[in-house]
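Trainee: I should like to take a close look at a single part of this structure. Please guide me through one region and explain each term as it arises.

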Amino acid sequence: MGWLRQNLFSSWGNGITTVVLLLAIAWLLSWFVDWAVLTAVWTAPSGQDCRGHGACWALIHEKYRYIFFGSFPYEQHWRPLFAVLAMLAMLILSADRRMWNKRLLWIWSIGSATTFLLMFGQINISSSLIFFLALVIGAGGAVLRATVGSPIEINAWRALAGIGVAGLALRLVGLFPAFTLSIAPFSYVETSLWGGLPVTMILATYGLLFAFPLGILLALGRRSNLPLIKSLCVGFIELIRGVPLISLLIMASVMLPLFLPSGMTIDKFLRALVAVILFASAYIAEVIRGGLQSLPKGQFEAADAMGLTYFQKTTLVILPQALRVVIPPLINTFIGFFKDTSLVLIIGIFDFLNTANQALVDPKWAGFPGEIYLFAAFVYFCFCFSMSRYSKYLETELNKGTRR
Amino acid sequence: MAVESIGSPQHAKIAPWNDPVIRGWVFQAVVVGLVGFLAWFLVTNTVENLARQKIASGYAYLSHEAGFEIGDSMISYSPANTYARAILVGMLNTLKVAGLGIIFATILGTLIGVGRLSPNWLLAKICEGYVEAFRNVPLLLWLFLFYKMISEAFPGPRQALNVLNALFLSNRGLYFPVPAADPIHPWMGLGLLAGIAGAVVLHRWGKQRQAATGKPFPSIWAGAALIVGLPILIWLAGGAPHHMSWPELKGFNFVGGTVIQPEFTALLLGLVLYTSAFIAEIVRSGILALNKGQSEAAAALGLSRAQAMRLVLLPQALRLIVPPMTSQYLNITKNSSLAIAIGYPDLVASVNVTINQTGQAIENVLIIMVAYLSVSLSISAFMNWYNKRIALRER
């Protein structure tokens, strides 16, 4: 009672506002409940039976599998379903702070392998790719662990990179026979048939995953003392941030084929992913730059005084602190990209919003856009709202140490 | 030995491969070389592909006949005009949507942001619900929803909702009468500009007088009277021409009057509602960041809540609000390119048709990029200037 008086009726003006708002809410709610529940049609053979009634949820009932999974072969729909679940599990596990260590690497490797195996149905790995991966992983491990790993470990990384180089060289001169390791438990489904929620999730998740290292490099480059590198990075970041994502997508769909040597084609889905990665990397770079700027100068100076090289200083002192600060804003960036992936429908990729849109085209069910879009909005809302809540929680959680 | 080397760096001999300056230049040379190689690779491929596919290059096509219709244009345009003019029409439409979007989103966003801080719990919760609902759903989805609702839920032109034979609301848009063109109109526009200038001068003078004598001057009312009054006076002086152009149903659509198209309405509505949710959060956090003493001091001085907000809190919060607001304004401008999805002829839509007709993708994508970059840079330059102007002047 006291609460009511204090928060709703503290003055005359306040009381009037409350009453007016309550009336408006009551009117809207009664209309909505009547439309969405009381007079709604839940199942019907066609849109004709919905005319003159409330919401036509029968349309969702009829089309939900297409909306969620697009043109993926109908009897194989369990595959995108499990791919979505695998990605969800991957994301939810990564949200747990206890997993923020080596386990993260396992979660993402297994999760990604499962996702793409389910979506493609089979994965072909050529020998060149295996050697190339060995080279990248070996070199990466040797560089990243250079200052912290034991000599044996470093030598192991070097050996892996060496195998990669040797294998690639042998492949190049033709001494090593070409072979393809093929894992094919299911029938192959090409990316043009993918659609719905898995497409939206793959574009957002893997777009951001690949954009992240690029963004770190751009942010470091932007704060570098080397004038040429700095101007290259500033130019790239400002160019990308100054133009709409649509122009990049149009560029990826019509210009990228012109950029490549004749005969070489890239899958449309991959082209959209490249555009999303380039776009995301510029925004991530700015977020990370904020984190770098928030570090006190003493951290840089102390690292220099310790005689650390630029590489050691960056990987051991600066980035661990800077990235920690930017995790919440990075999640907000991810929310933004999750929504922005919907733009790929302009170049004809069937993401979740596009499949929802296509479900309206069926003449049997024409005339119920509200129901479909409300349903799609609800799905997007669930994803984005839970992520924004998580970002808020993480912000207070990570600041526990510094708050008094 | 270590003591000696301190303060005498010229003695320290460094091998060239350990000299940070030399290393820096080598490193830069490598990176620039790699980028240059990538550029060279892409350019040679492109030149080769263009030659092979027999695609023309250069901007000669801009002076060719466009041959496509544009549904909404602020300057006269017909399909017989050139591509350059078609693209200009698109550009003006983009600017129109972005400009109106920025104005409305700022007003609505500020109201919602202040509403979230209202002492009325119900109002605060409703504003919070609004923010969460619009922020967490893609803008494109809102655009589709509004567009489809307007074009499918409203009746056709023949069954248009008719208000006094003047307003016609149908799925072709909202038709309403406008005054027929008259030579007095440019003068009325001048009067409006003069009124605005007069209001600004009056406001300054009122402020100065209040600072000098303590007497407040109702500069808002006086300014509003000037802005509205001057054009009306000119209209009366010109003999009050009241000939109107009325919309009429002819065939399948209306002629005469003017129209707000459903595409435009949906685009503006979507942009404003979506962006205002973000602006509300910026305004709220700007006000919350202020010291609580500010609102308490304002209350102690006897200012009402509205006065405290307008005279004490918002001006100070403005310093925190302006930088993130700039990026929201840039977002509105860039997001207006989603017009293409619902068929509103903005810059990207015009250029996209041009790409499909001429096949000259590179030149056209460059046009889009240069156009948006220049608009973005102008907005940032203006907002930076404004930000400097309102910045706290510390002694």
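Mentor: Domain bounds come from an automatic or database domain assignment. For chain A, that assignment gives domain 1 (2-38) and domain 2 (62-72 + 195-404). The centres of these two domains of chain A, taken over C-alpha atoms, are separated by 40 Å. This is a predicted model, in which local features need pLDDT of at least 70 and side-chain atom pairs count only at pLDDT 80 or more, while totals for chains, interfaces and linings use all residues. Residues are numbered from 1 along each chain as its sequence is written, and side-chain values use heavy atoms, with hydrogens and water left out.

Let us turn to helix 2 of chain A, residues 12-38; helices are DSSP runs (H or I, at least four residues), numbered from the N terminus. This helix supplies nine residues, the largest share, to a nonpolar surface patch. The patch measures about 1200 Å², and its members include Ile25(A), Trp31(A), Phe32(A), Leu374(A) and Ile126(B). Such patches are made of residues with over 30% relative accessible area and no salt bridge (a side-chain nitrogen of Lys or Arg within 4 Å of a carboxyl oxygen of Asp or Glu); nonpolar side chains (Val, Leu, Ile, Met, Phe, Trp, Tyr) are joined within 5 Å. Accessible areas come from the Shrake-Rupley method with a 1.4 Å probe, and for residues only the protein chains shown count as cover.

Trp27(A) is another member of the patch and is found in helix 2 of chain A. Trp27(A) has a relative accessible area of 60% and is therefore exposed, a term that means over 50%.

Key. Chains lettered and ligands numbered in written order. Patch = residues over 30% accessible without salt bridge, like charges linked within 9 Å, V, L, I, M, F, W, Y side chains within 5 Å. Helix = DSSP H or I, 4+ residues; strand = E, 2+ residues; numbered from the N terminus. Buried < 20%, exposed > 50% of the residue type's maximum accessible area, 1.4 Å probe, protein only.
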